[in-house]
Amino acid sequence: MDDKLKSALGGVTPPSASDKAREQALTAAMAVFDDAQVKKNAHDVQGFSRAERLKSIVSRIKGTWTMDMRIPLGATFAALLVLPLGVAMMNQTALTPLDRLFERPGQDSAGRETVKVDAPQEAAEVETLVDREQADVVAAEPAPAPMATPAPAMTQRLSTIAPTAGGAFGNLVEAGGGDRFAAFAEGGVQIVADNPVSTFSIDVDTAAYSYVRRALEMGQLPPSGAVRVEELINYFDYAYPTPDGDMPFETSVAVHPSPWNPENRLVHIGIQGETVDLDAVPPANLVLLIDTSGSMDEPSKLPLLKRAFALLVNEMGPEDTISIVTYAGSAGIVLEPTPASEKATILEAIDDLMPGGATAGARGIEAAYDLAEKAMIEGGTNRVLLATDGDFNVGLSDPNGLEGFIETKRDAGIFLSVLGFGTGNYNDEVMQALAQAGNGNAAYIDSYSEARKVLVEEMGGTLLTIAKDVKIQVEFNPQAVSEYRLIGYETRALAREDFNNDAVDAGDIGAGHTVTAIYEVTPVGARGSIDPLRYGNDEAVAASINDDELGFLKLRYKAPDGDVSELIETPIRVDADTGMASDDLDFATAVAAFGQKLKGSTHLRAMDWSEIRALAASAVGDDPTGRRAEFLRLVDIAESLEN
């Protein structure tokens with residue numbers, strides 16, 4: 001018998017070879033083996049030793065340490081459950097209700113069907129004005145959430161479409177992230193012999209500049225449709241000569257060389273509105289029409305809007321009244337007409353606003369006008385201030401009717417201005433159309449500082465109109481000018497016959513506003529853009545007594561409550577210089593070059609970003625707000641992005 005077997009049997013005498021003996025021997029051997037294994041594998045409680053801790057999650061089979069798969073599989077399963085919830089929570093803002101964290105796929109919080117859009121993650125927005133404080137910085141926005149499918153009425157200019165349930169949309173540019181702008185072609189060169197007269201409506205809006213600034217500061221080049229060059233130029237203040245006597249504004253003209261084409265000249269037309277002391281401004285009846293739909297649930301939208309209107313409330317006088325209407329799915333009156341002296345009540349009503357629901361903009365506008373009529377001030381300022389991201393999703397079954405409704409109220413003395421907020425579904429085209437129909441202006445609020453500029457510094461111009469339906473017409477002298485081009489104002493062009501037609505609507509000027517228009521002209525004899533005809537009828541123009549004039553400027557306007565226009569006429573001399581400061585001329589020219597270069601204009605010949613910056617830097621002059629210095633930084637950003 002083997003010695004090991006004897007030892008295992010503990011000295012027991014083996015029985016005779018039988019089935020019973022074999023069974024007893026096997027039982028005794030297994031008992032000894034099990035006892036030995038228990039003693040050998042015994043170890044301390046998990047965690048007393050690093051080696052023993054590792055052994056506690058493995059088992060030894062055939063001499064090889066292998067992982068007990070229950071533990072890693074359990075951890076993986078738990079991670080898969082938690083990860084989607086974490087991502088969903090990260091993509092919500094602090095203002096998002098909890099019920100929106102668990103929306104069904106394909107719907108937003110209002111139950112609308114959504115479509116997926118490609119939108120880059122927006123970088124954190126940092127304000128750059130030298131006088132901006134940390135409290136003024138708007139928090140970075142998350143990537144825009146999937147948008148609701150826009151109603152057909154929202155994708156065209158309201159005045160150019162018929163109500164429809166669907167179909168393709170033209171004349172629209174959609175920027176990255178879903179912002180929408182009207183598409184337009186850059187103004188081209190005109191031959192004086194063929195078309196000597198240029199006619200357009202003025203434009204005092206500044207929305208394009210602040211939108212372009214926001215895009216650049218977020219590291220993005222703006223879409224071409226967002227760059228309206230005249231709005232970039234008119235964003236800045238210029239020290240143009242002020243009006244005398246009873247005139248609501250003064251018109252000035254200057255002619256100087258073009259920095260991007262030395263053979264050409266720039267005709268610089270400046271209009272300075274009269275400045276009105278706020279103490280002399282008539283009492284105001286304001287209705288704040290505020291978009292509180294779900295799309296406004298972002299830091300740069302409703303929270304910024306509340307702070308902006310708080311600034312306005314604090315500037316209002318005791319004789320003014322303020323009402324508040326909100327719209328989100330349905331319109332609601334938050335505050336009946338209330339004296340501005342009750343600031344605490346008004347500010348509390350603003351602070352309590354919360355976002356949620358779809359955007360029933362049409363019903364909100366109707367309710368706002370009802371309140372404006374209820375608190376109408378004869379001889380005062382009666383205005384609706386619409387604050388929105390422009391996302392009118394529902395309630396616009398008849399867009400032509402909405403614009404007509406606003407025009408009717410305008411004729412009754414209640415004007416409409418528009419303040420735009422945010423990105424992601426910003427509908428610039430609709431906002432422009434509504435503001436123009438309401439004889440108001442459109443501004444884009446991208447920061448607290450911009451809110452101060454529009455609602456505090458320029459409060460007189462925002463609230464008080466000093467002239468309406470202002471039109472400009474220039475007839476160029478074919479003896480002195482062979483070609484001309486109006487820089488900007490493409491969306492404000494008018495037919496020649498519209499100039500004398502008082503039924504045709506045009507832009508308005510507010511108290512203290514400045515308006516600038518720049519023509520690039522090619523003198524006779526200089527190399528133009530178009531060669532003369534070999535077989536045409538380009539006959540020499542007979543000499544005239546006006547050979548010292550480049551052209552003739554005419555301007556029409558109406559009083560704020562008038563129906564018949566007044567006419568102003570001014571010759572444009574070859575050496576015109578009516579007291580416009582050289583710094584203002586150079587800076588406005590630099591901004592015009594900047595806007596054209598952003599649009600990729602073919603007319604801006606040999607002028608690069610560094611030359612634009614140098615021209616602007618030489619003309620910064622007295623810059624108490626820091627906005628001209630800020631412009632230099634935008635030029636630097638644009639150059640780096642283009643390169």
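Modeller: Angles under 35 degrees count as roughly parallel, over 145 as roughly antiparallel, 65 to 115 as roughly perpendicular and the rest as oblique. This is a predicted model, in which local features need pLDDT of at least 70 and side-chain atom pairs count only at pLDDT 80 or more, while totals for chains, interfaces and linings use all residues. Residues are numbered from 1 along each chain as its sequence is written, and side-chain values use heavy atoms, without hydrogens or water.

Biologist: At what angle do helix 14 and helix 15 pack, and how far apart are their axes?

Modeller: Two packed helices are described by the angle between their axes and the distance between the axes. Here helix 14 (residues 582–598) and helix 15 (residues 609–617), which are DSSP runs of H or I with at least four residues, numbered from the N terminus, pack at about 155 degrees with axes 8 Å apart; the axes are lines fitted to C-alpha atoms over the stretch in contact, and angles run from 0 to 180 degrees between N-to-C directions. The two helices are therefore roughly antiparallel to each other. Residues making the contact (heavy atoms within 4.5 Å) include F587, A590 and F594 of helix 14 and I612 and A616 of helix 15.

Biologist: Which helix supplies the largest share of the largest nonpolar core?

Modeller: Such a core is a set of buried (under 20% relative accessible area, 1.4 Å probe, protein chains only) Ala, Val, Leu, Ile, Met, Phe, Trp, Tyr and Cys residues joined through side-chain atoms within 4.5 Å. Among its 40 residues, F587, F594, I612 and F631 are included in the group touching the most other members. Helix 14 gives the largest share, nine residues. F631 touches, among others, F587, F594 and A616, leaving aside residues up to four places away in sequence.

Biologist: How much of the whole chain is buried?

Modeller: Of the 643 residues, 48% count as buried.

Key:
Buried < 20%, exposed > 50% of the residue type's maximum accessible area, 1.4 Å probe, protein only.
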